[in-house]
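Please examine the sequence and the model shown below. The explanation that follows moves from a single side chain to its wider surroundings.

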Amino acid sequence: MGKRISRTVLLKLFDRQNGRCCYCDRFVIMSADYNIQQWPDAATIEHLRQRADGGSNAPHNLAMACKRCNQERGAMNWLTYATFRRGEFTEFMAVITQSPKQ
Ligand SMILES: [Zn+2]
């Protein structure tokens, strides 16, 4: 899974995004408490381009997301997921139903 990203990076992202998730725009919770880190609105670091897809730990590839969005996104393209989370669901459905089946 590669090197663990430091908490300092997460703090910088928190500051840059004014404490809000990059997808759903809700406030996230930052805590050193492991139990709180498992909450759906806990802050997590998101790789915009996923590591499995060659994405790096470089700052331009990182964003802060709540745990719920991070987990729900799965392997979806981040822009597609952001559109989905911001409520443009009809457009999202149009996009995925037009995609060729794999
Ligand atoms: Zn979110």
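What kind of contact joins the side chains of E46 and N70? In this predicted model, the two side chains are joined by a polar contact of 3.4 Å. E46 and N70 lie 24 residues apart along the chain, and their C-alpha atoms are separated by 6.6 Å. The side chain of E46 also makes a polar contact with that of R73, at 2.4 Å.

E46 belongs to strand β1. With a relative accessible area of 3%, E46 counts as buried, because that value falls under the 20% limit for buried residues. Beyond its neighbours within four places in sequence, E46 is in contact with N70 and R73 and also with Y23, N61, L62, A63 and A65.

Y23 leads from this site to the nonpolar core. Leaving aside neighbours within four places in sequence, the contacts of Y23 include E46, L48, A65, C69 and R73. Y23 is likewise in contact with W78, Y81, A82, R85 and R86.

The largest nonpolar core has 18 residues, and Y23 is among those with the most contacts inside it, together with C21, V28, M64, C66 and C69. At least two residues of this core come from each of α1 (7-16), β1 (43-47), β2 (62-66) and α4 (78-85). The largest share, 5 residues, is supplied by β2. In soluble globular proteins, nonpolar side chains tend to be buried together.

Strand β1 thus appears in both parts of this account: E46 is found in β1, and β1 supplies at least two residues of the core.

Terms used
Residues numbered from 1 in each chain as written. Predicted model: local features only at pLDDT ≥ 70, side-chain atom pairs only at ≥ 80, totals over all residues. Heavy atoms only, no water. Core = buried A, V, L, I, M, F, W, Y, C linked by side-chain atoms within 4.5 Å. Buried < 20%, exposed > 50% of the residue type's maximum accessible area, 1.4 Å probe, protein only. Helix = DSSP H or I, 4+ residues; strand = E, 2+ residues; numbered from the N terminus. Contact = heavy atoms within 4.5 Å. Polar contact = N/O pair within 3.5 Å; in protein donor to acceptor, adjacent residues only side chain to side chain.
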